[in-house]
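Hi,

Here is the structure I promised to pass on. Have a look at it first, and my notes follow underneath.

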Amino acid sequence: RQNEDNEEFLPTGETSIDSYPNWLKFHIGINRYELYSRHNPAIEALLQDLVTQKITSVAMKSGGTQLKLIMTFQNYGQALFKPMKQTREQETPPDFFYFSDYERHNAEIAAFHLDRQVKWICSKRKVEILILDFRRVPPVAGRLVNMTREIRDVTRDKKLWRTFFISPANNICFYGECSYYCSTEHALCGKPDQIEGSLAAFLPDLSLAKRKTWRNPWRRSYHKRKKAEWEVDPDYCEEVKQTPPYDSGTRILDIMDMTVFDFLMGNMDRHHYETFEKFGNETFIIHLDNGRGFGKYSHDELSILVPLNQCCRIRKSTYLRLQLLAKEEYKLSLLMKESLQKDKIAPILYQPHLEAMDRRLRIVLKGVSDCIEKDGYDNVVENDFNPDVNTGTTER
């Protein structure tokens, strides 16, 4: 027991960080520039925890349009569970508005992998290939959940518990409470009681790390007939660039990164974004809530790219990364497929979605090329490799 004490406690009597649960190691690693460092071993371990840790309690998340569950684990970590609503092959119906689209569990998983890096194994060697390498999406993993043992039997949420029923096909179903798709007709049913979903690791509690919510300047109207100002004013970006926090620092470049990220996924639902309050305006945008991505592989929503086309600005590190991912040997779709295969509920994306990403990448690069031709390389591509700038953001 004495040896165990020596391993668990430092001479000061403080607990060693090695003994912390992986979710806490993730929280401690968050800094001004990223949610986690490139080689943080706690992230892979946390992804494993999301899949294997015993679920001790479940409650519905308040707010939002669709059902989400807060799951607490035996090691006191928490994650947001989004259940499967569509098969991999299904596309968003063409008559659906973006604000009434389903939230897809596999989109949350794919967004996390797109945002980070992958160890790519080719026939001769193991190479670490970075995909977008932003590291701004909290860790997400897919999991098969037993609806009886791991949801119904452990929830104290009576409103959730009351919505469980057995379908005519003898499957366990539930629908919870929310503003869209929470009814018997839209119930989530197991086979017979297994359901797959995404589990996204929680960020630190707001009492410990406050977050500021910002209205996205290129927010859509969320109206069936009205258009947003940016949709009718081609010079809208000039107005944005004169408004704090977009008039200084890196925020406008962060918006461009987020624009590229969303366009590659086909995500039209970026109405707000969040930053950590502690770091002020000179910090990254957290890429939260990506469930409405990967809805259509047969259509490229060009309006998502409007911020980039209007502002004609992009980080050099992002531009170089996109150019690399367009090369045949580092093809975006191949790297994504390789990365996603590691998830427990793979395959995550239908092949046409992967091919759509390659097509969209070419559209992004053509847009940047047009901007450079119009305004000149130095006015479009922001050199973020300056040694005077903190390498946490520039060394990618």
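Let me start with the disulfide between Cys237 and Cys311: the torsion about its S-S bond is about 110°, so this link is right-handed. Keep in mind that we are looking at a predicted model. The pair joins distant parts of the chain, with Cys237 in helix α8 (residues 236-240) and Cys311 in helix α10 (residues 306-311), 74 residues apart. Their sulfur atoms sit 1.9 Å from each other. Cys237 is buried, at a relative accessible area of 1%, and Cys311 is buried too, at 6%.

The count comes to four disulfides. If you number the bonded cysteines along the chain, the pairing reads 1-4, 2-3, 5-6, 7-8.

Right after α10 comes another one. Cys312 and Cys371 have their sulfur atoms 2.0 Å apart, and with -75° about the S-S bond this link is left-handed. Cys312 lies in the loop between α10 and β13 (314-315) while Cys371 belongs to helix α13 (residues 351-375), so the disulfide ties together parts 59 residues apart in sequence. Both Cys312 and Cys371 are buried.

Then there is Cys173 with Cys189, sulfur atoms 2.1 Å apart. That link is right-handed, at 110° about the S-S bond. It runs from strand β8 (residues 172-174), which holds Cys173, to strand β9 (residues 188-189), which holds Cys189, and the two cysteines are 16 residues apart. Their surroundings are worth a look: Cys173 is buried at 0% relative accessibility, whereas Cys189 is partly exposed at 38%.

Now for some helices. How many of the eleven residues of α4 (residues 105-115) are buried? Eleven of the eleven, so α4 is largely enclosed by the rest of the structure. The buried residues include charged or polar names such as His105, Asn106, Glu108 and Asp115, along with Ile109, Phe112 and Leu114.

In helix α2 (residues 22-29), the buried residues are Asn22, Phe26 and His27. These cover an arc of only 145° around the axis, which puts them on the same side of α2. Among the elements covering them are α3 (41-52) and β10 (194-201).

One last spot to check is Ser333, in helix α12 (residues 332-340). Ser333 counts as buried, with 7% relative accessibility. Its side chain makes a polar contact of 2.5 Å with the side chain of Asp358. Leaving aside residues up to four places away in sequence, Ser333 touches Leu354, Glu355 and Asp358.

Cheers

Key. Residues numbered from 1 in each chain as written. Predicted model: local features only at pLDDT ≥ 70, side-chain atom pairs only at ≥ 80, totals over all residues. Heavy atoms only, no water. Helix = DSSP H or I, 4+ residues; strand = E, 2+ residues; numbered from the N terminus. Buried < 20%, exposed > 50% of the residue type's maximum accessible area, 1.4 Å probe, protein only. Polar contact = N/O pair within 3.5 Å; in protein donor to acceptor, adjacent residues only side chain to side chain. Contact = heavy atoms within 4.5 Å. Arc of directions from axis to C-beta. Disulfide = S-S within 2.5 Å.
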